[in-house]
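Colleague: Thanks for sending this one over. Can we go through it piece by piece, with the cut-offs as we need them?

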Amino acid sequence: GLVDDLSKLCQASGMAARLDARKIPVHAALREAFPWKYLDMTLGGGEDYQLLFTAPEELMEGVLSLLSPPATVIGEIMDGEPGQVTVFDSKIGKTLSSPSGGWDHFAPDDSSRHSGTHSGQAQREGEA
C-alpha cells in the first residue's frame, strides 16, 4: 500500500513524510462505491501500479511537466522519525488515522508477506 511503501522509502532515507489526503488521486467510482472506506483502501490497499518517487522541490517542478501520464505531488518528505508517515487533511486541518501494513513482495514466505494490519479505515478525527 501507499503508506507502507512510503514508510519503507522514508526508513531507508532516514526521513519522515506527510501526505495530504486531498491531493491523493482517487477514482470517482471507488469514492462512490465505498464512500466511508475509499481512503483506507487508497492508503493501505495495493494493486495500484503507480510509481512512488521523491525529488527536491526545484527538481520536481521541472520533472512534472515531462511526465506522461502526469504525476501528482501528494505530500512532502521532511525531518522526523525515520519511516513515520503522517496523513493530513488540508481541507479540515486535521491529522487522519491511517492504515498500516501492505504487501511485501520480498518477504521470505507467504506468512510474512503482510506487514502490519489493515484494521479500521482512515477516518477524519471526530468521525464515527
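Colleague: Which strand does glutamate 76 lie in?

Modeller: Bear in mind that this is a predicted model, with residues numbered from 1 along each chain as its sequence is written; local features need pLDDT of at least 70, side-chain atom pairs count only at pLDDT 80 or more, and totals for chains, interfaces and linings use all residues. Side-chain values use heavy atoms, with hydrogens and water left out. Helices (H or I, at least four residues) and strands (E, at least two) are DSSP runs, numbered from the N terminus. Glutamate 76 falls within residues 75–78, and that run is strand 2.

Colleague: Is glutamate 76 buried, partly exposed or exposed?

Modeller: Buried means under 20% relative accessible area, exposed means over 50%, and partly exposed is in between (1.4 Å probe, protein chains only). The areas come from the Shrake-Rupley method, and for residues only the protein chains shown count as cover. Glutamate 76 has a relative accessible area of 44%, so it's partly exposed.

Colleague: Glu76 is part of a patch of negative charge on the surface. Which helix gives the largest share of that patch?

Modeller: Patches take residues with over 30% relative accessible area and no salt bridge, joining like charges within 9 Å and nonpolar side chains (Val, Leu, Ile, Met, Phe, Trp, Tyr) within 5 Å. Lys and Arg count as positive and Asp and Glu as negative, leaving out His and the chain ends, and a charge is placed at NZ of Lys, CZ of Arg, CG of Asp or CD of Glu. Here Glu57, Glu58 and Glu61 gather with Glu76. The largest share, 3 residues, comes from residues 57–64, which is helix 4.

Colleague: What about greasy spots: how much accessible area does the nonpolar surface patch have?

Modeller: One of its members, phenylalanine 53, lies in the loop between helix 3 and helix 4, and at 37% relative accessible area it's partly exposed. Its partners are Leu51 and Leu67. Together the three come to about 320 Å².

Colleague: And inside, which element gives the most to the largest nonpolar core?

Modeller: A nonpolar core is a set of buried Ala, Val, Leu, Ile, Met, Phe, Trp, Tyr and Cys residues joined through side-chain atoms within 4.5 Å. The largest one has 16 residues, with Leu19, Leu43 and Val87 making the most contacts inside it. Two or more residues each come from helix 1 (2–13), strand 1 (16–20), helix 3 (38–44) and strand 3 (85–89). The top giver, with 4 residues, is helix 1.

Colleague: How many salt bridges do you count?

Modeller: The rule asks for a side-chain nitrogen of Lys or Arg within 4 Å of a carboxyl oxygen of Asp or Glu. Lysine 8 and aspartate 4 pass at 3.1 Å, and arginine 22 and aspartate 89 pass at 2.7 Å. The count comes to 2.

Colleague: How far apart in sequence are lysine 8 and aspartate 4?

Modeller: Their exposure splits the pair: at 35% relative accessibility lysine 8 is partly exposed, whereas aspartate 4, at 11%, counts as buried. Both sit in helix 1, about one turn of the helix from each other, and that's a separation of 4 residues.

Colleague: How many residues separate the parts tied together by arginine 22 and aspartate 89?

Modeller: Arginine 22 is partly exposed at 37%, while aspartate 89 is buried at 0%. Arginine 22 comes from the loop between strand 1 and helix 2 (28–33) and aspartate 89 from strand 3, so the pair ties together parts whose separation in sequence is 67 residues.

Colleague: Aspartate 20 and aspartate 89 are 69 residues apart in sequence. How far apart are they in space, C-alpha to C-alpha?

Modeller: Aspartate 20 lies in strand 1, and at 11% relative accessible area it's buried. From its C-alpha to that of aspartate 89 is 5.6 Å.

Colleague: Which residue does a cis peptide bond join to serine 68?

Modeller: As a rule, most peptide bonds are trans. The cis one here has omega at about 0°. The partner sits in the loop between helix 4 and strand 2, and it's proline 69.

How values were computed: Accessible areas come from the Shrake-Rupley method with a 1.4 Å probe; for residues, only the protein chains shown count as cover.
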